[in-house]
Amino acid sequence: MLLYRTDEWYNKLSQEELHELINQNKSWFERLTARGKAKPGRALERTGVTISGKNGRFVTDGPFAESKEAVGGYLVLDVETIEEAIAIAQTSPGLAYGGSIEVRPLAEECPLDIRARELAREEELVNI
Amino acid sequence: MLLFRGNDWLKSLSSEEKQKVTDQWMAWFRRLTDEGKAIAGNPLEREGKIVSGKNRVVSDGPFAESKEAIGGYFLLDVASFDDAVAIAQECPGLPYGVQVEVRPVAAECPVASELKHETQFANA
């Protein structure tokens with residue numbers, strides 16, 4: 001999965017630069033889709049809330065759109081290796097202007113399950 | 001879209017608690033899927049890479065122990081933002097320190113809407 005991290009760098013671009021980038025992005029994505037490498041991705045609105053605390057009682061505004069860490073959109077790839085995903089991320093047209101892309105493997109299994117198994121194994125060892 | 005933030009909270013749980021949260025989380029996702037409210041979801045591996053800059057430099061990250069690191073996501077199909085917030089408030093990880101970021105999926109790319117806005121302004 002590619003997570004687009006953005007600090008709204010695109011606000012600094014001229015209209016021509018934006019036009020060019022949008023066209024580049026479009027053909028980049030079409031190329032990936034045609035090769036079966038990408039599933040439909042989505043952009044996220046620049047607003048949202050974060051929920052935390054027991055029973056989700058804290059609802060706060062955020063993330064702040066101007067944060068460098070804010071996620072602006074995502075793309076799910078269909079590739080065999082993380083190296084291939086990284087190589088695809090490196091061809092993303094927007095990188096020339098700013099922002100960054102986080103490349104993360106989708107987990108086969110939930111990390112919660114893996115950790116529960118590890119703990120069970122540790123307990124077994126203690127009991128031997 | 002729900003983005004689940006935080007990876008470190010897991011370490012403080014006993015194996016029974018962990019099993020309990022896992023079961024609750026799976027049942028929660030299954031229920032939302034059955035109700036047609038969740039259309040996709042995945043946990044993410046805890047390690048990844050960051051690609052950035054004109055030279056497309058690859059670096060390690062995000063740091064797994066970060067409170068901000070994204071551990072997984074659900075893509076929801078709901079009528080309103082409030083529905084999504086209400087679902088996020090049911091997340092079984094919340095009592096243990098998980099944060100759920102709720103974000104509307106954009107109808108179009110923000111870069112494109114920015115451009116449209118500018119064009120309108122220029123023509124006004």
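This passage describes the fold of chain B, its contact with chain A and the two sheets that the chains build together in a predicted model.

Chain B is a good place to begin. Three helices and six strands make up its secondary structure, and along the sequence these elements follow the pattern β-α-β-β-β-β-α-β-α. The chain has 124 residues, of which 32% count as buried. Among its contacts with a separation of 6 or more, 73% are between residues 24 or more positions apart.

The contact between the chains draws on 48 residues from chain B and 51 residues from chain A. On the side of chain B, the elements that give two or more residues are helix 1 (15-34), strand 2 (38-43), strand 3 (49-52), strand 5 (70-76), helix 2 (81-88), strand 6 (99-102) and helix 3 (110-123). Sorted by class, this side of chain B has 27 nonpolar, 10 polar and 11 charged residues.

The two chains also share their sheets. One open sheet holds six strands with antiparallel pairing, in the order 4(A)-3(A)-6(B)-1(B)-5(B)-2(B). Its edges are strand 4 (58-61) of chain A and strand 2 of chain B; each has a single partner strand, so one side of each is left without a neighbour in the sheet. On average, and with direction ignored, neighbouring strands of this sheet are turned by 20° against each other. At the chain A end of the order, strand 3 (residues 49-52) and strand 4 of chain A pair in the antiparallel sense over four bridges, and here Val49(A) stands opposite Asp61(A) of strand 4 of chain A. Helix 2 of chain B packs on the sheet and touches strands from both chains: strand 3 and strand 4 of chain A, along with strand 1 (2-5), strand 5 and strand 6 of chain B. The direction of this helix makes about 170° with that of strand 6 of chain B.

A further open sheet, again of six strands with antiparallel pairing, has the order 2(A)-5(A)-1(A)-6(A)-3(B)-4(B). Strand 2 (42-43) of chain A and strand 4 of chain B are the edge strands, each pairing on one side only. At the chain A edge, strand 2 pairs with strand 5 (residues 71-75) of chain A in the antiparallel sense over two bridges, and Ala43(A) has Gly73(A) of strand 5 of chain A as its bridge partner. The chains meet within this sheet where strand 6 (residues 100-103) of chain A and strand 3 of chain B pair in the antiparallel sense over four bridges. At this junction, Ser100(A) stands opposite Ser52(B) of strand 3 of chain B. Helix 2 (residues 82-90) of chain A lies across strand 1 (2-5) and strand 6 of chain A together with strand 3 and strand 4 of chain B. This helix runs at about 165° to strand 6 of chain A.

Two residues of chain B round off the picture. Arg56(B) sits in the loop between strand 3 and strand 4 (57-60) of chain B, and has a positive phi of about 55° although it is not a glycine. Arg56(B) counts as partly exposed because it has 17 C-beta neighbours inside 10 Å, under the 20 that would make it buried. Lys20(B), in helix 1 of chain B, is likewise partly exposed, with 15 other C-beta atoms within 10 Å. The C-alpha atoms of Lys20(B) and Gly48(B) are separated by 27 Å, the two residues being 28 residues apart along the chain.

Technical notes
Residues numbered from 1 in each chain as written. Chains lettered and ligands numbered in written order. Predicted model: local features only at pLDDT ≥ 70, side-chain atom pairs only at ≥ 80, totals over all residues. Buried ≥ 20, exposed ≤ 12 C-beta atoms within 10 Å, placed from the backbone. Contact = placed C-beta atoms within 7 Å. Nonpolar A, V, L, I, M, F, W, Y, C, P; charged D, E, K, R; others polar. Pairing = 2+ DSSP bridges. Axes fitted to C-alpha atoms, helices over the stretch in contact; angles between N-to-C directions.
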